[in-house]
Amino acid sequence: MATLAELPQVSECTVAGCSYNDHSHCHAGAVTISGEGSEARCATFIPLNVKGGLDTVLASVGACQRADCVHNEHLTCTATAVRVGAGADLADCLTYQPR
Ligand code: SF4
């Protein structure tokens with residue numbers, strides 16, 4: 001069983017309009033991935049006029065509801081790192097790979 005420190009980081013997020021995004025990095029403490037069908041949506045995406053997150057933190061994937069992804073074990077992501085960007089939605093996990 002992985003520890004918190006071993007959760008995969010969001011190595012890049014190109015969703016510039018998200019409150020947690022700064023120069024293609026996500027500064028939320030952790031993100032949740034959800035969605036249905038062919039899209040794995042970042043459920044933490046929020047386009048507000050206020051900046052969110054912690055400057056010194058690079059987000060990890062805290063929870064992922066996409067049990068059908070090859071990287072998913074027990075609703076936890078086991079990928080080395082994930083990339084988030086525009087897909088079917090404004091903010092999708094681009095590392096999602098259906099089994
Ligand atoms: S790579 Fe797969 S398991 Fe990891 S966050 Fe993306 S959709 Fe979830």
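**Strand pairing, core and ligand shell of a predicted all-strand model**

Strand β9 has a covered face, formed by Val 82 and Val 84, and an uncovered face, formed by Ala 81, Arg 83 and Gly 85. Strands here are DSSP runs of E with at least two residues, helices are runs of H or I with at least four residues, and both are numbered from the N terminus. In a regular strand the side chains alternate between the two faces of the sheet. The structure is a predicted model, in which local features need pLDDT of at least 70 and side-chain atom pairs count only at pLDDT 80 or more, while totals for chains, interfaces and linings use all residues. Residues are numbered from 1 along each chain as its sequence is written.

The protein contains zero helices and ten strands, and its order along the sequence is β-β-β-β-β-β-β-β-β-β. The radius of gyration is 12 Å, close to the 13 Å from the globule rule for 99 residues, so the protein is as compact as a globular protein of that length. The radius is taken over C-alpha atoms, and the rule is 2.2 Å times the number of residues to the power 0.38. Along the principal axes, the C-alpha atoms fill a box of roughly 35 × 30 × 15 Å. Of the contacts with a separation of 6 or more, 68% are between residues 24 or more positions apart; two residues are in contact if their C-beta atoms, placed from the backbone, lie within 7 Å. Buried residues make up 31% of the 99 residues. A residue is buried if 20 or more other C-beta atoms lie within 10 Å of its own, exposed if 12 or fewer, and partly exposed in between, with C-beta atoms placed from the backbone.

Strand β9 has two pairing partners described here, where pairing requires that DSSP finds at least two bridges between the strands. Strands β1 and β9 run parallel and are joined by four bridges; Gln 9 has Ala 81 of β9 as its bridge partner. Strands β9 and β10 run antiparallel and are joined by two bridges, with Asp 92 in β10 as the bridge partner of Gly 85. The connection from β9 to β10 is a hairpin through six residues.

Strand β4 likewise has a covered face, Val 31 and Ile 33, and an uncovered one, Ala 30, Thr 32 and Ser 34. Its parallel pairing with β6 extends over four bridges, and Ala 30 stands opposite Ser 60 in β6. The pairing of β4 with β5 (residues 41-42) is antiparallel over two bridges, and Ile 33 stands opposite Cys 42 in β5. The hairpin of β4 and β5 has six residues between the strands, and Gly 35 in this hairpin takes a positive phi near 100°.

In soluble globular proteins, nonpolar side chains tend to be buried together. The largest nonpolar core has 21 residues, and Val 10, Cys 26, Val 31 and Val 84 have the most contacts inside it. β1 (9-13), β4 (30-34), β6 (60-64) and β9 (81-85) are the elements that give two or more residues to this core. Such a core is a set of buried Ala, Val, Leu, Ile, Met, Phe, Trp, Tyr and Cys residues joined through C-beta atoms within 7 Å. Beyond its neighbours within four places in sequence, Val 10 is in contact with Cys 26, Val 31, Leu 58, Ala 59, Val 61, Val 82 and Val 84.

Thr 95 lies in the segment after β10 (92-93). Thr 95 is buried, with 21 other C-beta atoms within 10 Å. Outside its neighbours within four places in sequence, Thr 95 is in contact with His 71, Ala 79, Val 82 and Arg 83. Arg 83 is twelve residues from Thr 95 in sequence, at a C-alpha to C-alpha distance of 5.9 Å.

Positive phi values in residues other than glycine occur at His 23, near 50°, and at Ser 24, near 70°. His 23 is in the loop between β2 (21-22) and β3 (25-26), as is Ser 24. His 23 is exposed, with 7 other C-beta atoms within 10 Å, whereas Ser 24 is partly exposed, with 15.

Around the ligand there are 14 residues, of which Cys 64, Cys 69, Cys 77, Cys 93 and Tyr 96 come nearest; a residue is near a molecule if its C-beta atom, placed from the backbone, lies within 6 Å of it. By class, the shell has ten nonpolar, three polar and one charged residues. Ala, Val, Leu, Ile, Met, Phe, Trp, Tyr, Cys and Pro count as nonpolar, Asp, Glu, Lys and Arg as charged, and the others, Gly among them, as polar.
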